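Reader: I am new to this structure and would like to understand the terms used to describe it. Could you take me through them one at a time?

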Amino acid sequence: MIRKKIFNNTKSAFKLKSNSELDRAIFLFSMMNYSSLVKAGSALTKFSLKLHLPVETLIKKTIFEQFCGGVTEEDCKPVTNEMYDENLHSILDYSVEGKETEEEFDAAMRKKLSLIEYASKSEEISFAMFKPTGIGRFEIWEKVSEKISLSEDEKEEWERVKDRVNTLCSKAHELNVRLYADGEETWMQTAADDLMEEMMRKYNTGDKVLIYNTLQCYRWDRLDYLKQLHEKGKKDGFKIGAKIVRGAYMEKENARAKKLGYPSPICESKEATDVNFNSTLSFCLNHLEDISVFIGTHNEVSSYLALQIMEDKGLSLEDSRIWFSQLYGMSDHISYNLARKGYNAVKLVPFGPVRDVVPYLLRRAQENTSVKGQTGRELSLLREEKKRRRGDKSTKHHRE
């Protein structure tokens, strides 16, 4: 039986945090407990940056250092090496969002190519990733998803988007690096799903699974989608890489569905999302001969479920078809304790110029406030570790 205490070890979870870093994390997660504070802080940050007020140092010393590895890949090296010493791998995510021009998309693709090469040379970097709308306009993904006819210029634009995706997947295949496409809003996702299926057909042949697509399980249709993809893979001889997450755009999705008068693509409750995620997780773990799974979750129950299935099936802890992932700066109690036990655990480490990663950071803060209980659990573990350290200190002092 999997011991239900594995994630309670705060000494292991926060081993790499200094006392001042622990205090900063406690402060930030306390703030995130209040959605009104997050909303006001987000608005103020955007406003200050727009007016070019000198707030970058403040951002860097607080939320940036909590959730980002640094400004450049080189900045991230001490962080990724330190984690790797604890058996915890990394994914570097150049988290610059909201670009619009072809030149910017080409530049983003070149950046991603360099990160694939970086991953191929760095033992501690186990995956590379890209965001579809980081290398092509949102509107073009949306039009293709909704089967709206494209103008001649748009057809050429779409070909360039497809070429960028293929260039990344081809490079990952050539250098033997796992690469996943991030999940985004439903109204652009169909085009991304179709394109990533094409990439899997092309590059996930034989026993190697290098190309992964993201399934956001707060969408009630994702398990059926995976089952259909699995059937196609078996029939046509390609393997599936599935990154499974709960999802990141719930409020936006529900609001759009309501506004445009179509049924919401999102599960009706948090409980329904949990059931859907766990069913999708179980399906992947029961079909490992065809599906490699990347479990992106901050949820302890889902993590325990995966560990239990692995144990019941007699699977090796470091089975290369199963990876667990959390975001840098969050859920260290899951990541470090899994790594310590010998599972494949990986942190997504965002980096980039402070000003440019602010949209990503604000999204993180807002997501944190909308996940019920998440911030509270994080906070109680951080406080517990602080208390434990005080106890250690006084015991030591007492002994002396």
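Author: What follows is a short exchange about one strand, its neighbours and the cores. This is a predicted model, in which local features need pLDDT of at least 70 and side-chain atom pairs count only at pLDDT 80 or more, while totals for chains, interfaces and linings use all residues. Residues are numbered from 1 along each chain as its sequence is written, and side-chain values use heavy atoms, with hydrogens and water left out.

Reader: What makes strand 4 largely enclosed by the rest of the structure?

Author: Buried means under 20% relative accessible area, with a 1.4 Å probe and protein chains only. Six of the six residues of strand 4 (residues 211-216; strands are DSSP runs of E, at least two residues, and helices of H or I, at least four, numbered from the N terminus) meet that limit, so the strand is largely enclosed. I211, N213 and L215 point one way, and Y212, T214 and Q216 the other way.

Reader: How do you know that strand 4 pairs with strand 5?

Author: Two strands pair if DSSP finds at least two bridges between them. Four bridges join strand 4 to strand 5 (residues 240-245), and the two run parallel, so the definition is met; the partner of N213 in strand 5 is A242.

Reader: What is called the largest nonpolar core?

Author: A nonpolar core is a set of buried Ala, Val, Leu, Ile, Met, Phe, Trp, Tyr and Cys residues joined through side-chain atoms within 4.5 Å. The largest such set has 77 residues, and W141 and I211 have the most contacts inside it. Helix 9 (residues 186-203) gives the largest share, nine residues.

How values were computed
Buried < 20%, exposed > 50% of the residue type's maximum accessible area, 1.4 Å probe, protein only.
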